[in-house]
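This report is meant to be read with the sequence and the coordinates side by side. It takes up cysteines, a helix pair, a strand residue and some backbone details in turn.

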Amino acid sequence: MKNSIIPHIDEGPTTGLPVLLIHPLGADQTFWDGTRKHFSPAIRSVSCNLRGAAGTPVPSDPVTLERTAADIEAVRQALGIEGMIVVGCAVGAMAAAAYAGRSPNRVRGVILSNPASEITEAAGANLTMRAEAVRRRGMAALLPDAIANAFPGYMETELRRDYEQRFITQPAEGYALAALGVVGASVASDLESIACPVLLIAGRRDMLLPVHQAQKCKARLRNSELMVLERGAHFIPYQEPTWFAEQVNRFTRQYETA
């Protein structure tokens, strides 16, 4: 990584409202391709490949939320952005919350899709088992459960098939270190530190991070709105890109004249 800056894509007008997009575990920045094309022309969207994802060198150590927050800050500085909206999904939402809570002067708003305030002991054990499995047998070792659990209601779609193909091509050791890096992670105190507006989006059919996880996040936030998409599963921005982009556009309108 040149100058230790993670790979990123910067699209839209340089004078537009900066919106930073953080992908979930097991994905890369292409996760946002379907969503960002529906963004308002007033948005400058920036996506990045987190450490361990395809297109990045294999990390030498587990990728913690602290490491990811530092990487996000490095991208912000490299692009000369003063204030931005931070958007994340699933574990990416935890990274967004961690960054926003620790860099309040750099964040004007937050959108957390399929959020959680912590990685529970059971979830951590599952991530550890996943890391061990991919190290032994590659990413395909997690099929079909890893995809089926994330895509209820979308299993027969082209979106699911495309995601699965991208998933199995992710670097196994990078995935393992990214998974191990968030075992035991919590953003509870970060959520309590966020003063800017926050939009929480949960999916009624999310088996991995159910609605009550988003409700726990909301209880710790000072200024938040919770939306529940009845047909939503675990990756709402990817599975419902047009709908999700509409929510981003709606949320960001409050900043157009600010």
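What follows is an account of selected local features in a predicted model.

**Cysteines**

A search of the whole structure finds zero disulfides. In the case of Cys89, the closest cysteine sulfur is that of Cys217, and because 13 Å lies between the two sulfur atoms, they are too far apart for a bond. Cys89 counts as buried, with a relative accessibility of 0%. Cys196 is likewise in no disulfide, the nearest cysteine sulfur, again that of Cys217, being 14 Å away. Cys196 also counts as buried, at 15% relative accessibility.

**The pair H2 and H3**

Two packed helices are described by the angle between their axes and the distance between the axes. For helix H2 (residues 65-79) and helix H3 (residues 91-102), the axes come within 9 Å and cross at roughly 70°, and the two helices are therefore roughly perpendicular to each other. The crossing in which H2 passes H3 is right-handed. On the H2 side, the contact is made by Leu65, Glu66, Thr68, Ala69, Ile72, Glu73 and Arg76, which meet Met94, Ala95, Ala98, Tyr99 and Arg102 in H3. By character, the residues of this contact between H2 and H3 divide into seven nonpolar, one polar and four charged.

**Ile9 in strand E1**

Ile9 lies in strand E1 (residues 8-11) and is partly exposed, with a relative accessible area of 34%. Which residues does Ile9 contact, leaving aside its neighbours within four places in sequence? They are Gln29, Arg36, Ser45, Val46 and Ser47. Leu21 is twelve residues from Ile9 along the chain, and the C-alpha atoms of the two are separated by 9.9 Å.

**Backbone details**

Most residues other than glycine have a negative phi, and most peptide bonds are trans. The peptide bond from Leu143 to Pro144, however, is cis, with omega near 0°, and Pro144 is found in the loop between helix H4 (121-137) and helix H5 (145-148). Positive phi values occur at Ala90 and at Asn114, as set out in the table.

| Residue | Phi | Loop | Relative accessibility |
|---|---|---|---|
| Ala90 | near 60° | between strand E4 (84-89) and H3 | 4% |
| Asn114 | near 50° | between strand E5 (107-113) and H4 | 0% |

Ala90 counts as buried, and Asn114 is buried too, so that in each case the positive phi belongs to a residue with a relative accessible area under 20%.

Definitions and conventions: Residues are numbered from 1 along each chain as its sequence is written. This is a predicted model: local features need pLDDT of at least 70, side-chain atom pairs count only at pLDDT 80 or more; totals for chains, interfaces and linings use all residues. Side-chain values use heavy atoms; hydrogens and water are left out. A disulfide is a pair of cysteine sulfur atoms within 2.5 Å. Buried means under 20% relative accessible area, exposed over 50%, partly exposed in between (1.4 Å probe, protein chains only). Axes are lines fitted to C-alpha atoms, for helices over the stretch in contact, and angles run from 0 to 180 degrees between N-to-C directions. Angles under 35 degrees count as roughly parallel, over 145 as roughly antiparallel, 65 to 115 as roughly perpendicular and the rest as oblique. A crossing is left-handed if the near helix is turned anticlockwise from the far one by less than a right angle, and right-handed if clockwise. Contact means heavy atoms within 4.5 Å. Ala, Val, Leu, Ile, Met, Phe, Trp, Tyr, Cys and Pro count as nonpolar, Asp, Glu, Lys and Arg as charged, and the others, Gly among them, as polar.
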